[in-house]
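Please open the structure in a viewer and keep the sequence panel visible. The tour below proceeds by selections, one stop at a time.

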Amino acid sequence: MREIQKKIRAFLDGKPPVTAAMSDTVASVINKMRDEHVGCVLILDSEKVKGIFTDRDVLKFMAGKDAAAEDVAISSVMTRDPECLSADDYITYAINMMSVGGFRNIPIVDADGRPQGVLRVRKVVEHLSELVSEKGLGEHSPTDGSEWFDVGGG
Amino acid sequence: MSNADQIFVEISQTPVSKIVRRKPIEVFENTCVQDVLDALNREHRGVALVVDQECRLLGIFTERDVLLRLPLTDSGWREAPVCDFMTHDPHSIRTNETIGLALNRMQEGAFRHLPIVDEEERAIGVLSVRDILDYVVDHFPSEFLNLPPSPNLETTGEWGG
């Protein structure tokens, strides 16, 4: 199905992903997520993706009562070595990965492991919704072009 | 119409009630936030439906609310009622409405979850983006499964990351 098989590159908006350093505190990363309106942050070491921290990780952290967010390094609570893809991989591969792995955010990296963006499940929903609308299969409401508040969805 | 188009028509017109696999986590308005977080953590879920005694939907509380609404520097929220931090009167979808409509609502509202309700606004379940992705992947095996193998992929049982 040619229409569904686009390259991930077509879904990246060109904006640099939100990143943090391994030694940053959980508090600073959460504040960054709030300020930047994102649901995930890539954690870098020597400019390469070493971890990911998402709103699910925020939930896990906040549920715990042991440590204060300003006292914990993000490297100790992030998901290490997340599954990454290249911008030349297909969106179908990413959808399969999201389904099997339970991911909502996939880091997109170059050949050296440097981040180029994040493929968010919101973009996948947009793609599938557009396919449905093109075929006249869904109830299509005109959008007003307003910016989303992107934290990866509700 | 191509075979792939026919599959897409079928997916789009499937009622949402057919594809939801997991029972929702339901809590009352006065359940304290700590208890809600503990339940979400224990069940590896990111959403709780807030209901009244008749199971009518009052609100939704998700990891987005945890990120955006719980103060980092003050732990008073732990014992506060979840209704102080939930989204009141959330968008929802009826049991017989379709995946196509659900996708449209999720896309327009930037939602990852849609509560499913009956005609009397009683919460029946919750539709997540993952339910839709799983269903799409199941229906397009040659497009999704005939892919380069990835030895690192394994089912984690958790939805996040």
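Two strands count as paired if DSSP finds at least two bridges between them. With that in mind, note that the model is predicted, and begin with a hairpin.

**Stop 1: a hairpin in chain A**

Select β5(A) and β6(A), which form a hairpin with 5 residues between them. In the turn, A:Gly113 has a positive phi of about 85°. The two strands run antiparallel and are joined by 5 bridges. To see one of these pairings, display A:Pro107, whose bridge partner in β6(A) is A:Val118. Strands of a sheet pair through backbone hydrogen bonds, either parallel or antiparallel.

Is β5(A) enclosed or left open by the rest of the structure? Of its 5 residues, 5 are buried, so β5(A) is largely enclosed by the rest of the structure. Now display the side chains of this strand. A:Asn105, A:Pro107 and A:Val109 are buried on one side, and A:Ile106 and A:Ile108 are buried on the other, so that both faces are covered. In a regular strand the side chains alternate between the two faces of the sheet.

**Stop 2: the largest nonpolar core**

Keep A:Ile106 on display and add A:Leu119, A:Leu128, B:Leu127 and B:Ile132. These residues have the most contacts inside the largest nonpolar core, which has 44 residues. Elements of both chains give two or more residues to this core: α3 (91-101), β5 (105-109) and α4 (121-134) of chain A, and α1 (3-13), α4 (99-109), β6 (113-117) and α5 (129-139) of chain B. In soluble globular proteins, nonpolar side chains tend to be buried together.

Centre the view on A:Leu119. Leaving aside residues up to four places away in sequence, A:Leu119 touches several residues, among them A:Ile8, A:Phe11, A:Ile91, A:Met98 and A:Ile108. A second, separate core has 41 residues, including A:Ile30, A:Val41, A:Met62 and B:Leu70.

**Stop 3: strand β3 of chain A**

Next select residues 48-54 of chain A, which make up strand β3. Here 5 of the 7 residues are buried, so this strand is largely enclosed by the rest of the structure. Strand β2 (residues 40-45) of chain A pairs with β3(A) in the antiparallel sense over 6 bridges. In this pairing, A:Cys40 stands opposite A:Thr54. The hairpin of β2(A) and β3(A) has 2 residues between the strands, and A:Ser46 takes a positive phi near 50°.

Then add strand β4 (residues 79-80) of chain A, which is joined to β3(A) by 2 bridges and runs antiparallel to it. A:Gly51 stands opposite A:Arg80 in β4(A).

**Stop 4: where helix α2 of chain B packs**

Move to chain B and select helix α2 (residues 33-43). Which residues of this helix are buried? They are B:Val33, B:Gln34, B:Val36, B:Leu37, B:Ala39 and B:Leu40. These buried residues pack against α2 (55-63) of chain A and against β1, β2, β3 (57-62) and α3 (63-69) of chain B.

Just after the helix comes B:His44, which has a positive phi near 55°. The side chain of A:Arg56 reaches the backbone oxygen of B:His44 at 3.5 Å. A:Arg56 is found in helix α2 of chain A. Its relative accessible area is 4%; because this is under 20%, A:Arg56 counts as buried.

**Stop 5: two sheets of chain B**

Select the strands of the first sheet. This open sheet of 4 strands has the order β1-β2-β3-β4, with mixed pairing. Its edge strands are β1 (25-28) and β4 (87-88), each of which pairs on one side only. β1(B) and strand β2 (residues 47-51) pair in the parallel sense over 4 bridges. B:Phe28 has B:Val51 as its bridge partner in β2(B).

The other open sheet has 3 strands in the order β5-β6-β7, again with mixed pairing. β5 (93-94) and β7 (123-128) stand at the edges with a single partner strand each, so one side of each is left without a neighbour in the sheet. α4(B) packs on this sheet and touches β5, β6 and β7 of chain B, its direction making about 135° with that of β6(B). β6(B) and β7(B) pair in the antiparallel sense over 5 bridges, and B:Ile116 stands opposite B:Gly125 in β7(B).

**Stop 6: chain B as a whole**

Finally, display the whole of chain B, which has 6 helices and 7 strands. Buried residues make up 55% of its 161 residues.

Key
Residues numbered from 1 in each chain as written. Chains lettered and ligands numbered in written order. Predicted model: local features only at pLDDT ≥ 70, side-chain atom pairs only at ≥ 80, totals over all residues. Heavy atoms only, no water. Core = buried A, V, L, I, M, F, W, Y, C linked by side-chain atoms within 4.5 Å. Buried < 20%, exposed > 50% of the residue type's maximum accessible area, 1.4 Å probe, protein only. Contact = heavy atoms within 4.5 Å. Polar contact = N/O pair within 3.5 Å; in protein donor to acceptor, adjacent residues only side chain to side chain. Axes fitted to C-alpha atoms, helices over the stretch in contact; angles between N-to-C directions.
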